[in-house]
Amino acid sequence: MDSQLDSPLDGPVDGPVDGPVDGQVDGRSRTAEDPWARQRTYARLRDGLSAYRMIAAMWIRSTMAYRASFAMTTFGNFAATGLDFVAILLMYSQIDRLGGYSLPEVAFLYGVSATAFGLTDLALGSMDRLGRRVRDGTLDTLLVRPVPVLAQVAADRFALRRLGRITQGLLVFGYAVTALDITWTPLKLLLVPLMVLSGAAIFSAVFVAGAAFQFVAQDASEVQNSFTYGGSTLLQYPPTVFAKDLVRGVTFVLPLAFVNWLPALYVLGRPYPLDLPAWVAFAPPLVAACCCVLAGAAWRAGLRSYRSTGS
């Protein structure tokens, strides 16, 4: 459970925040006018990472002050997320294959998806609270600080207990690797960490884009969760159990298929869905980069559109 302490990011603000923000002057981008804009962008990135580390470290210290509580909540997170795989085990107690996939193959998909999502949930799991900040006006407090708002929102209420999800995903992945008879090649060995990191980046982009949507919708955390937590659950099962239209949607519209389906099928020696070419298994880093650029643009647009609550 999240801490009930008031967030240290909340506090009084002298007045409502209005007008252009995030690097704009009179509606025009500074980058086009100022040759030093790129250096300032890098400096803001360093400041954002530094602020994120400090805020996260503060929450970790707060959490570790009650070590027994931390141990119990981490185990609870581990057990709760493990129920997803228990459901898969129950299905395989009645069947031999699901969509043509054996239990170790599904465990491989599950492990990659759970680990990639767990890393993102640990780093950005607080993004779905942005709508609440927009509604009650506490986002104004973050805007007046000389630190990127995204870093402050992402690190707020940093929950170390989410390590339970990552641990559970790694254990299932370890079981899959030992149970499968995979002919490992250098490319396959390289692809395993690559798809986990790329998958985490894709999920991160979805988290940020979903948070940007809350600038407009304000009460849309469940909509965001349907694509983040729901997307993670979707990817734990083989693509052959879903309709082709859904597979097309998570391949070409919201490219969650690049988290694990396409690279994992290359490792498993399985045919790709939709008769895609073989090289798409190595596209996750490129897809992740494109998703992060689009999510960043959505975040900046949402932040510029924010006009405070006026209170």
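The legends below describe close-up views of a predicted model.

**View 1. The whole chain, with its helices and strands.**
The chain has 12 helices and two strands. Read from the N terminus, the two strands come before the helices, in the order β-β-α-α-α-α-α-α-α-α-α-α-α-α. Of the 311 residues in the chain, 47% are buried. The chain exposes about 15,600 Å², and carbon and sulfur atoms supply 64% of that area. Among contacts with a separation of 6 or more, 79% are between residues 24 or more positions apart.

**View 2. The largest nonpolar core, centred on Phe108.**
In soluble globular proteins, nonpolar side chains tend to be buried together. The largest nonpolar core of this model holds 80 residues, and Phe108, Leu139 and Trp299 touch the most other members. Helix α8, residues 186-217, gives the largest share of this core, with 13 residues. Beyond its neighbours within four places in sequence, Phe108 is in contact with Phe173, Ala176, Val177, Leu180 and Ile182. Its other contacts of this kind are Met195, Ala264, Val267 and Leu268.

**View 3. Gln168 and its partner Tyr110.**
Gln168 is found in helix α7, which covers residues 163-179. Gln168 counts as buried because its relative accessible area is 5%, and buried means under 20%. The side chains of Gln168 and Tyr110 are joined by a polar contact of 2.8 Å. Leaving aside neighbours within four places in sequence, Gln168 also touches Phe78, Thr81, Gly82 and Phe85.

**View 4. The salt bridge between Asp121 and Arg165.**
Side chains of opposite charge can pair when their charged atoms come close. Asp121 and Arg165 meet in a salt bridge, with a distance of 3.7 Å from N to O. This pair links distant parts of the chain: Asp121 is in helix α3 (residues 103-124) and Arg165 is in helix α7, 44 residues apart. Asp121 is buried, with 2% relative accessibility. Arg165 is buried as well, with a relative accessible area of 14%.

**View 5. The salt bridge between Arg133 and Asp156.**
The closest N and O atoms of Arg133 and Asp156 are 2.8 Å apart, and the two residues form a salt bridge. Arg133 belongs to helix α4 (residues 130-136), whereas Asp156 lies in the loop between α6 (149-155) and α7. The pair links distant parts of the chain, with the two positions 23 residues apart in numbering. Both Arg133 and Asp156 are buried.

**View 6. The salt-bridge network of Arg97, Glu105 and Arg270.**
Salt bridges that share partners join Arg97, Glu105 and Arg270 into one network. Within it, Arg97 forms a salt bridge with Glu105, and their closest N and O atoms are 3.8 Å apart. Arg97 is partly exposed, at 48% relative accessibility. Glu105, at 10% relative accessibility, is buried. The whole structure has six salt bridges.

**View 7. Ser102, in the loop before helix α3.**
Ser102 is found in the loop between α2 (67-92) and α3. With a relative accessible area of 15%, Ser102 is buried. Not counting residues up to four places away in sequence, Ser102 touches Tyr92, Asp96 and Arg97. Arg97 is also the partner of Glu105 in a salt bridge.

**View 8. Pro193 in helix α8, with Val112.**
Pro193 lies in helix α8. Its relative accessibility is 42%, so Pro193 counts as partly exposed. Pro193 and Val112 are 81 residues apart in sequence, but their C-alpha atoms are 9.3 Å apart in space.

**View 9. A nonpolar patch on the surface.**
Leu187, Leu190, Leu194 and Phe282 make a nonpolar surface patch of about 330 Å². Phe282 lies in the loop between α11 (261-268) and α12 (284-305). Phe282 is partly exposed because its relative accessible area is 34%, which falls between the limits of 20% for buried and 50% for exposed.

Key. Residues numbered from 1 in each chain as written. Predicted model: local features only at pLDDT ≥ 70, side-chain atom pairs only at ≥ 80, totals over all residues. Heavy atoms only, no water. Patch = residues over 30% accessible without salt bridge, like charges linked within 9 Å, V, L, I, M, F, W, Y side chains within 5 Å. Areas by Shrake-Rupley, 256 points an atom, 1.4 Å probe, with all protein chains shown as cover. Salt bridge = Lys/Arg side-chain N within 4 Å of Asp/Glu carboxyl O. Helix = DSSP H or I, 4+ residues; strand = E, 2+ residues; numbered from the N terminus. Buried < 20%, exposed > 50% of the residue type's maximum accessible area, 1.4 Å probe, protein only. Contact = heavy atoms within 4.5 Å. Core = buried A, V, L, I, M, F, W, Y, C linked by side-chain atoms within 4.5 Å. Polar contact = N/O pair within 3.5 Å; in protein donor to acceptor, adjacent residues only side chain to side chain.
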